[in-house]
Amino acid sequence: TMTATTRRPTPRAVDAEGVMAAVAEVVADLSASPLWASAVRCGIGSAGPVDTSRGTVSPVNIGAWRDFPVQERIAAELAARGAALPTVLAGDGVAMTAAEHWLGAARGYANALCMVVSTGVGGGLILNNRLHPGPTGNAGHIGHISVAFDGAPCVCGSRGCVESIASGTAIARWALDQGWTPQAGSGPDGSDAPGAARDATAAGVA
Ligand SMILES: [Zn+2]
């Protein structure tokens, strides 16, 4: 049950503090909720790679953050707003896997690999009914396993990663390369009006 929500796009072309400023705005928004005083814990799900043993993140798609101490920084933001809460960091794929095993598609299965396919490809593992994040929180992150050794270079420095071929971004790029023309009326608003948005994303391909 979502009781209070807010969101910010990830700022581009800013430094590490610029990205953190957007996160601080999220904390500020949520602190205005009448439920703020009843919060008992803070969970952070971040794009990976993460290092949960140190509380740092180096998301492939957020170049401004390398070994960024997000856990400590968010804990400080919470404390500054009167909520010194226990704060826990997980990779977003691992967090999603925990939720799917608890309440979703993996419920009742002793072993599962859950995948996120969007801008990138993320994942997490359930082994013997337990979440298996590994020592640094990246186990099951299959997006940067190389499956085509002569494939295109990936932003992670490897070649032919699952993510560089099978992410939503890659699906849309492949379709455009094959001559696909996004259709009017396939935009997010479903409009067929002339000049309506043409959805050149993987959703549009589908
Ligand atoms: Zn990669």
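**Notes on the zinc site and the fold around it**

1. Let's start with the metal. The 4 donor atoms around the zinc ion subtend angles of 106 to 121°, which makes the arrangement tetrahedral. Keep in mind while you look that this is a predicted model.

2. Which residues hold the zinc ion? It is coordinated by His 144 through ND1 and by the SG atoms of Cys 154, Cys 156 and Cys 161, at 2.0 to 2.3 Å. If you scan the sequence for them, the donors follow the spacing H-x9-C-x1-C-x4-C. His 144 and Cys 154 both lie in the loop between strand S7 (130-131) and helix H4 (162-166), so this pair ties together parts that are 10 residues apart in sequence.

3. Are His 144 and Cys 154 buried or exposed? With a relative accessibility of 23%, His 144 counts as partly exposed. Cys 154 comes out at 10%, so it counts as buried. The cut-off to remember here is that buried means under 20% relative accessible area.

4. Now step back to the whole chain. You should be able to find 6 helices and 7 strands. Going along the sequence, they follow the pattern α-β-β-β-α-β-α-β-β-β-α-α-α. The C-alpha atoms fill a box of roughly 55 × 45 × 40 Å, taken along the principal axes.

5. How much of the chain is buried? The chain has 206 residues, and buried ones make up 33% of them. As for contacts, take those between residues at least 6 apart in sequence: 45% of them join residues at least 24 apart.

6. Next, the largest nonpolar core. It has 17 residues, and those touching the most other members are Val 57, Trp 65, Phe 68, Val 70, Ile 74 and Leu 78. The elements giving two or more residues to this core are helix H1 (16-31), strand S1 (42-46) and helix H2 (70-80).

7. Have a look at Leu 78, one of those core residues. Setting aside neighbours within four places in sequence, Leu 78 is in contact with Val 27, Trp 36, Cys 42, Ala 83, Ala 84, Leu 85 and Thr 87.

8. Don't skip the aromatic rings. A pair of aromatic rings is described by the distance of the centres and the angle of the planes. The count here comes to 1 aromatic pair. That pair is Trp 65 with Phe 68, and it is stacked, at 4.3 Å centre to centre with 5° between the planes. Trp 65 and Phe 68 are both buried.

9. Where does Thr 97 sit? You'll find it in helix H3 (residues 92-103). At 0% relative accessibility, Thr 97 counts as buried. A polar atom of the Thr 97 side chain lies 2.8 Å from the backbone oxygen of Gly 93. Not counting residues up to four places away in sequence, Thr 97 touches Cys 114, Gly 123, Gly 124, Leu 125, Ile 126 and Leu 131.

10. Last stop: Val 50, which belongs to strand S2 (residues 50-51). Val 50 has a relative accessible area of 4%, so it is buried. Apart from neighbours within four places in sequence, its contacts are Thr 56, Val 57, Gly 91, Thr 136, Gly 137 and Asn 138. Try tracing the chain from Val 50 to Trp 174: they are 124 residues apart along it, and their C-alpha atoms are separated by 29 Å.

Note on methods: Residues are numbered from 1 along each chain as its sequence is written. This is a predicted model: local features need pLDDT of at least 70, side-chain atom pairs count only at pLDDT 80 or more; totals for chains, interfaces and linings use all residues. Side-chain values use heavy atoms; hydrogens and water are left out. Rings of Phe, Tyr and Trp (its six-membered ring) pair if their centres lie within 6.5 Å; planes under 30 degrees apart count as stacked, over 60 as edge-to-face and the rest as tilted. Buried means under 20% relative accessible area, exposed over 50%, partly exposed in between (1.4 Å probe, protein chains only). Donors are N, O and S atoms within 2.8 Å of the metal (3.2 Å for Na, K and Ca); water is not among the atoms, so sites may look incomplete. Four donors count as tetrahedral if all angles lie between 85 and 135 degrees; four count as square planar and six as octahedral if opposite donors are over 155 degrees apart and all others between 65 and 115; anything else is irregular. Helices (H or I, at least four residues) and strands (E, at least two) are DSSP runs, numbered from the N terminus. Contact means heavy atoms within 4.5 Å. A polar contact is a pair of N or O atoms within 3.5 Å; within protein, one must be able to donate a hydrogen and the other to accept it, and residues adjacent in sequence count only if both atoms are side-chain atoms. A nonpolar core is a set of buried Ala, Val, Leu, Ile, Met, Phe, Trp, Tyr and Cys residues joined through side-chain atoms within 4.5 Å.
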